[in-house]
Amino acid sequence: LVRRTPRPDDLNNPVRRVVGAATPARHWAEFEERFGVEIIETWGQTETAGCWFGPGPMPMRPGSVGVPSERCEARLVDAEGFDVARGAPGQLWLRPTTPHLMFDRYLDDSSPGEWNQGGWYHTGDMLRQAGDGAYEFLGRHRDVIRRHGETIAPSLIEEVAMEHPGVQEAVALAVPDPDAEGEDAIRLCVTGVDGAPPDLGDVTRFLRARLPRLMRPRFISTHAEFPRTDTTRVRRAALRQESCPVWDVKAGHWLPA
């Protein structure tokens with residue numbers, strides 16, 4: 001809806017609240033004002049049942065998904081299962097305050113699986129808790145980028161990249177670092193505004209001025225569009241396997257498809 005050309009009757013609609021998850025913060029205020037609605041963000045999974053995140057105090061801060069319900073405890077942990085500091089990304093673990101309130105195991109399983117140890121459900125989602133106590137959704141744990149012992153949520157790079165006027169959409173992927181065995185490098189995939197490929201030199205300078213060195217892409221590729229699921233989510237695995245030329249930022253030349 002944001003991408004559609006504004007119309008004089010955009011406000012002439014019966015909708016007053018829009019409930020969803022992971023609305024891009026950069027579109028939040030624009031969308032509310034244009035359509036005369038209030039955005040309410042939540043977080044949840046089928047397995048969590050009643051243990052989910054609700055809006056908390058209204059109006060919500062753009063980019064947040066609210067706070068955990070009183071029916072569960074929440075932790076954000078690193079790859080070793082230790083709690084991360086506030087403001088740092090971590091995988092969300094949940095534990096219900098009441099037995100059997102949340103999915104525990106499949107019918108024929110005698111004990112919980114590896115994803116549920118000590119009563120904690122490992123959601124596989126990356127979030128961070130901001131200074132105001134609200135949580136922000138960053139993406140799936142399987143999509144995180146690991147560099148020099150740090151865990152980087154792709155969305156942190158993607159949000160900055162999409163601030164460039166020539167970039168319509170951006171997806172950051174973890175790829176093998178050719179200069180450091182066992183390390184991830186970052187490949188940024190972008191689509192251009194109105195189908196016009198962005199100037200990659202300009203994009204590189206833009207990102208260098210706004211991202212710390214650890215989060216700067218080593219590779220950039222341009223795409224006419226991204227492969228998507230039926231619910232319009234980008235298929236990251238399929239995108240990673242696409243054959244296309246890739247710009248090596250460090251080497252300063254194109255890598256063949």
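This is a short tour of the chain, stop by stop, for you to follow in your viewer.

Before you click anything, know that this is a predicted model, where local features need pLDDT of at least 70, side-chain atom pairs count only at pLDDT 80 or more, and totals for chains, interfaces and linings use all residues. Residues are numbered from 1 along each chain as its sequence is written, and side-chain values use heavy atoms, with hydrogens and water left out.

**Stop 1: the whole chain**

Show everything as a cartoon. You'll find 4 helices and 16 strands; these are DSSP runs numbered from the N terminus, with helices being H or I of at least four residues and strands E of at least two. The radius of gyration is 20 Å, close to the 18 Å that the globule rule gives for 257 residues, so the chain is as compact as a globular protein of that length. (That radius is taken over C-alpha atoms, and the rule is 2.2 Å times the number of residues to the power 0.38.) Turn the C-alpha trace around: along its principal axes it spans about 55 × 55 × 35 Å. Of the 257 residues, 40% are buried, meaning under 20% relative accessible area, while exposed is over 50% and partly exposed lies in between (1.4 Å probe, protein chains only).

**Stop 2: helix α2**

Select residues 154-161. This helix is mostly covered, with 6 of its 8 residues buried. Which ones are buried? Pro154, Ser155, Ile157, Glu158, Val160 and Ala161.

**Stop 3: the second largest pocket**

Now select Arg147, Arg213, Arg216, Pro217 and Arg218, which lie nearest the centre of the second largest pocket, out of 18 lining residues. A pocket here is an open set of points on a 1 Å grid over the protein atoms alone, where a 1.4 Å probe fits, with protein on both sides within 12 Å along at least five of seven lines; lining residues have an atom within 4 Å of a point. Add β13 (184-192) and α3 (200-208), the elements that give two or more residues to the lining. Helix α3 gives the most, with 3 residues. The volume is about 430 Å³, the space filled by probe spheres set on the points. Colour the lining by type and you get 8 nonpolar, 2 polar and 8 charged residues.

**Stop 4: alanine 180**

Finally, pick alanine 180, in the loop between β12 (167-176) and β13. Buried or partly exposed? At 24% relative accessibility, alanine 180 counts as partly exposed. Try a distance label back to arginine 147: the two C-alpha atoms are 9.9 Å apart, with these positions 33 residues apart along the chain.

Technical notes
Ala, Val, Leu, Ile, Met, Phe, Trp, Tyr, Cys and Pro count as nonpolar, Asp, Glu, Lys and Arg as charged, and the others, Gly among them, as polar.
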